[in-house]
Amino acid sequence: MLSAAAAIIAVSCTDAHVSLVWGDTSDRYPQDAVDEIVEKTPFAYPVWKGEKACAQAFLTADADLEGIGIRVTDMRCGSHRISAEAAQASFVGYVMADVLDPENYAQCGFREPGQYDSLMVADIIDIAETKDVPAGSVQPIWVSVRVPADAVPGKYSGRMIVSGKNFARCSVPFELEVADRVLPEPSDWKFHLDLWQNPYSVARYHNVELWSEEHFDLMRPVMKILADAGQKSVTATILDRPWNGQTYDPFGTMVTKTRNADGSWSYDYTVFDRWVEFMEEVGIDRQINCYSMIPWALKFDYIDGATGRTEYLEAAPGSAAYRTYWSQFISDFARHLRDRGWFDKTMIAMDERPAEAMRAALDVIQAVEPDFKVSLAGNYHEEIEKDLYDLCIAFRQSYPEDVLERRRRDGMVTTLYTCCAEAYPNMFIVSPPDEAAWLMWRVPATGCDGYLRWAYNSWTENPLEDGRFRQWPAGDCFMVYPEGRSSIRMEKLIEGIQDCEKAGILSEEWKASGNTEKLSALDSVLALFNFETLTAEGASSAVRSAKAVLAE
């Protein structure tokens, strides 16, 4: 029996063998856990105009269902309407994942086949228009509504309808409360999101020519999800295999460097330019991070102009050969970027490199082009911090408060990241969904500007079936799936960023009006986003508390 509070989720169904109920976006069930489903109220918090709100329902039946389709009706508030076109209803697909190492907090290192138990996890927000559902299985359904910026505030009612070939239909009603507030467009969000893109995965997965028009067409829906999340940085590679080919699809270089017979150097930026232009077209145009002057294997590619063969120079940072290779490139690259109008937003970027190697790279850059900005994702090094325009440190490290304040005052970018080094909070396929939102809230709780993750779409061989990989827990190297399929993890990340934006807007208003009571409430809830609370209570408790403060 439904409680009075949950009455809105009552089912209208013409087939007694079918069940359709609302759950929560933090819920996940095994495919055979039909008896474990708990009914909940969707869209439980007020939504701002311009915000993307999500809900999740669960469909089950005691007979096979064929050709199921799902849709959302128009949403109405008196004479006002939000069109069904603002909503999207999608099947959630299950993918193979592995469990985490129970003996260690850090999850890095090779994972032998069969070393850890595997399970099917609901994660893929699919693009299929119809689907068959076997009897006795759980079929999650993800519903999102992007509220128009000009929507009239009020409480809107709608229905999500499911129908199929061998049953009539079921529907569940929902209410969506639209507040008299407007969330800016994602491109204007202040949260600095930096999820590293891998164009090489897209070409390999679809078996198309790298950098062909077909390749770009296939990347467009994948990168559009990222743009709509407020992504700020383009991931570009100026070197072959900057991470020594650790992903299933190694990164190549987007810049061809040729050592001519007379010893001079020439550079071809055709691919680099097309990639940056494409990302600008998609809507990601704030920053360009170019990897890397310090590759993990310390091998530097170039074309031998006399033979036409690709060769590799091995040189340690600080050596004469290293300085020669990079000095000429930095000079020419800066010229090219200025010609394109990109210099001021371009970073020479490094990943998890030691301080002495970073110092050697910085010395080369500053000697040739002192205005070139530099980025590092890695450990905090006090001795080089001031030389790094974009600095990102690991989740469990911290910035000195005076450093954060100075960097903020100087307009620098200061962020944090997670990777395989953290069992939790994280965004593995098996991670509780609310951990993605929790991590976004951790950003304002620490006074940082944003969040970085090393892999947005470095796919496994067949990510739609198996997310496991030889080196990290399943899902560590990708957040989305091919052809524009999002994931529950990605949608919860977006939810968290939107809430952070709302918190920032409200905080500024409360400061301006002197509303110390609400500022104190926000400070109290931000204090919940710490490692001790997460360990004791999990992510959902803090996320719900934060949402409640915003709703008030």
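## A first walk through the model

The side chain of D249 reaches the side chain of S201 in a polar contact of 2.8 Å. That pair is a good place to begin, and the model it belongs to is a predicted one.

D249 sits in the loop that links β15 (233-237) and β16 (256-259). Is D249 buried or exposed? Its relative accessibility is 4%, so D249 counts as buried. Once neighbours within four places in sequence are set aside, the residues in contact with D249 are N198, Y200, S201, R204 and W459.

Another loop residue, N457, belongs to the stretch between β25 (450-453) and β26 (486-487). N457 has a relative accessible area of 0% and is therefore buried. Beyond residues up to four places away in sequence, N457 touches W196, Q197, N198, S201, V202, V222, M223, C477, F478 and V480. Two names on that list may look familiar: N198 and S201 are touched by N457, and D249 is in contact with N198 and S201 as well.

### How sure is the prediction?

The chain has a mean pLDDT of 95, and 97% of its residues reach 70 or more. Residues 1-9 have a pLDDT below 50, and this stretch makes 17 contacts in the model beyond near neighbours in sequence. Where pLDDT is low, the predicted coordinates should not be read in detail.

### Two helices side by side

Two packed helices are described by the angle between their axes and the distance between the axes. For helix α9 (residues 516-526) and helix α11 (residues 539-551), the axes come within 9 Å and cross at roughly 170°. Angles over 145 degrees count as roughly antiparallel, so α9 and α11 are roughly antiparallel to each other. On the α9 side, A521, L522 and V525 take part, and they meet A542, S545, A546 and V549 of α11. By type, the residues of this contact divide into 6 nonpolar, 1 polar and no charged.

Let us stay with A542, which is found in helix α11. A542 counts as buried because its relative accessibility is 2%. Leaving out neighbours within four places in sequence, A542 is in contact with W438, V525, L528 and F529. How far apart are the C-alpha atoms of A542 and N530? They are separated by 9.4 Å, with the two positions 12 residues apart along the chain.

### Two more stops

C54 is found in strand β4 (residues 52-61). With a relative accessibility of 17%, C54 counts as buried, since the cut-off for buried is under 20%. Apart from neighbours within four places in sequence, C54 is in contact with T25, F43, W142, V143, S144 and E491.

A321 is found in helix α4 (residues 320-340). Its relative accessible area is 34%, so A321 is partly exposed. Not counting residues up to four places away in sequence, A321 touches L313 and A315.

The table sets some C-alpha distances beside the separation in sequence.

| Pair | Apart in sequence | C-alpha to C-alpha |
|---|---|---|
| A542 and N530 | 12 residues | 9.4 Å |
| C54 and N515 | 461 residues | 30 Å |
| A321 and K49 | 272 residues | 56 Å |

With the structure in view, you can follow these stops yourself, starting again from the contact of D249 with S201 and moving on to helices α9 and α11.

Definitions and conventions
Residues are numbered from 1 along each chain as its sequence is written. This is a predicted model: local features need pLDDT of at least 70, side-chain atom pairs count only at pLDDT 80 or more; totals for chains, interfaces and linings use all residues. Side-chain values use heavy atoms; hydrogens and water are left out. Helices (H or I, at least four residues) and strands (E, at least two) are DSSP runs, numbered from the N terminus. Buried means under 20% relative accessible area, exposed over 50%, partly exposed in between (1.4 Å probe, protein chains only). A polar contact is a pair of N or O atoms within 3.5 Å; within protein, one must be able to donate a hydrogen and the other to accept it, and residues adjacent in sequence count only if both atoms are side-chain atoms. Contact means heavy atoms within 4.5 Å. Axes are lines fitted to C-alpha atoms, for helices over the stretch in contact, and angles run from 0 to 180 degrees between N-to-C directions. Angles under 35 degrees count as roughly parallel, over 145 as roughly antiparallel, 65 to 115 as roughly perpendicular and the rest as oblique. Ala, Val, Leu, Ile, Met, Phe, Trp, Tyr, Cys and Pro count as nonpolar, Asp, Glu, Lys and Arg as charged, and the others, Gly among them, as polar. pLDDT is the predictor's confidence in each residue, from 0 to 100.
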